[in-house]
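User: Let's read this model together. I will ask, and you reason your way to each answer.

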Amino acid sequence: MPSPIWTTLISCAELQALRQDPARDSVLIDCSFDLADPAAGRAAYHQSHLPGAYYLHLDNELSGPKTGTNGRHPLPDPDAFTARLRALGVNDETQVVVYDAQGGMYAARAWWLLRWIGHQAVAVLDGGKPAWIAAGLPLDSGKPDEPEGGGHLTRRPSLVDTVDAELLMDNLDRRERLVVDARAPDRFRGENETLDPVGGHIPGAVNRFFKDNLQANGQFKDGATLRAELERVLGTTSPSQAVMQCGSGVTACHNLLALEVAGLSGAALYPGSWSEWCANPARPVATGER
């Protein structure tokens with residue numbers, strides 16, 4: 001019986017079975033990163049990673065060039081991102097599994113990006129590298145060679161939606177969309193801001209700290225629990241009218257993944273997020289709880 005297609009989360013046991021299935025093509029990608037030390041993720045990868053995993057860097061490969069007004073982690077060029085995945089051997093039918101050592105906060109970005117270019121068979125390793133280690137599974141330190149000739153990944157219609165700052169400016173009066181901010185509560189309130197020059201949040205936004213999607217062991221809460229919690233966040237707003245954002249469009253993807261696990265599909269991403277929003281002094285800023 002062939003392995004299923006994973007589109008949200010995959011467990012360590014399921015990943016083991018997938019990698020041992022000769023009938024299934026799979027590619028494993030390490031996305032570990034540290035915002036305070038951008039070289040740390042790659043260094044940790046070279047020290048140890050899941051066997052056969054490649055590495056993609058948040059700043060260099062999971063983001064595009066910064067202009068000073070488009071946020072700290074703008075989306076990469078979709079064709080360049082597709083080409084990079086091809087270089088790792090990703091084909092149209094490849095099951096891609098992404099992971100990190102930070103509770104999925106960077107792996108979720110890679111997950112979303114693959115869906116952005118139309119690739120459905122992508123999942124985040126639940127619990128990431130720490131769960132793999134806790135399960136007593138092996139690690140490797142050798143960097144695998146990228147396959148000669150690469151893969152034949154086709155860029156397909158996007159499976160996700162995005163919104164821009166102009167739409168959210170219009171929404172300040174219309175209030176047709178609910179903006180959900182994934183940052184820590186203190187940063188949402190405008191306190192202890194260390195990453196962006198302005199503290200606060202988009203007026204009307206509500207806060208859902210991305211780490212609230214996780215259990216104490218770093219794995220995602222079950223779908224029923226996430227659904228109950230996220231429905232409280234959304235209130236009367238349907239998922240299709242919700243917009244996920246954060247500081248730079250990274251941890252917002254964690255909330256988007258949690259929504260998918262919860263069966264609440266359809267929310268959009270504001271890729272520029274707070275770092276883009278606050279770069280323009282004409283855009284209003286709110287502080288406090290709401």
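User: How far apart, N to O, are the side chains of aspartate 196 and arginine 187 in their salt bridge?

Analyst: This is a predicted model: local features need pLDDT of at least 70, side-chain atom pairs count only at pLDDT 80 or more, and totals for chains, interfaces and linings use all residues. Residues are numbered from 1 along each chain as its sequence is written, and side-chain values use heavy atoms, leaving out hydrogens and water. A salt bridge needs a side-chain nitrogen of Lys or Arg within 4 Å of a carboxyl oxygen of Asp or Glu. Aspartate 196 and arginine 187 meet in one, with an N to O distance of 3.4 Å.

User: Are aspartate 196 and arginine 187 buried or exposed?

Analyst: Use relative accessible area, with a 1.4 Å probe and protein chains only: under 20% is buried, over 50% is exposed, and in between is partly exposed. The areas come from the Shrake-Rupley method. By that scale, both aspartate 196 and arginine 187 are buried.

User: Which residues are joined into one network with Arg187 and Asp196?

Analyst: Look for salt bridges that share partners. Following them joins Arg187 and Asp196 with Arg72, Asp181, Arg183 and Glu193.

User: Glutamate 193 forms a salt bridge with arginine 183. How many residues apart in sequence are the parts that this pair ties together?

Analyst: The closest N and O atoms of glutamate 193 and arginine 183 are 3.5 Å apart. Helices (H or I, at least four residues) and strands (E, at least two) are DSSP runs, numbered from the N terminus. Glutamate 193 lies in the loop between α7 (185-189) and β8 (206-207), and arginine 183 in the loop between β7 (178-181) and α7, so the gap in sequence between the tied parts is 10 residues.

User: What is the relative accessibility of arginine 183?

Analyst: Start with its partner: glutamate 193 counts as buried at 18%. Arginine 183 counts as buried too, because its relative accessibility is 2%.

User: How many residues apart are glutamate 93 and arginine 156?

Analyst: Their closest N and O atoms are 4.0 Å apart, in a salt bridge. Glutamate 93 is in the loop between α3 (78-87) and β4 (95-99), while arginine 156 is in the loop between α5 (128-134) and β6 (161-162). The pair links distant parts of the chain, with a separation of 63 residues.

User: What is the relative accessible area of arginine 156?

Analyst: Glutamate 93 counts as exposed at 59%. Arginine 156 is partly exposed, because its relative accessible area is 35%.

User: How many salt bridges does the structure hold?

Analyst: We have looked at examples; now take the total. For the structure, the count is 16.

User: Which residues form the negative surface patch?

Analyst: Patch residues have over 30% relative accessible area and no salt bridge; like charges are joined within 9 Å, and nonpolar side chains (Val, Leu, Ile, Met, Phe, Trp, Tyr) within 5 Å. Lys and Arg count as positive, Asp and Glu as negative, and His and the chain ends are not counted. A charge is placed at NZ of Lys, CZ of Arg, CG of Asp or CD of Glu. The negative patch consists of Asp164, Glu166, Asp170 and Asp173.

User: Which helix holds aspartate 173?

Analyst: Aspartate 173 counts as exposed, because its relative accessibility is 72%. Its helix spans residues 165-174 and is α6.

User: How many of the 10 residues of helix α9 are buried?

Analyst: Helix α9 covers residues 252-261. Its buried residues include Cys253, His254 and Leu257. The helix is largely enclosed by the rest of the structure, because its buried count is 8.

User: Asparagine 192 has a positive phi although it is not a glycine. About what is that angle?

Analyst: Asparagine 192 is found in the loop between α7 and β8. It is exposed, because its relative accessible area is 54%. Its phi is about 55°.

User: What distance separates the C-alpha atoms of asparagine 70 and tryptophan 277?

Analyst: Asparagine 70 lies in the loop between β3 (54-55) and α3. It is buried, because its relative accessible area is 19%. Tryptophan 277 is 207 residues away along the chain, yet the C-alpha separation is 8.4 Å.

Notes. Accessible areas come from the Shrake-Rupley method with a 1.4 Å probe; for residues, only the protein chains shown count as cover.
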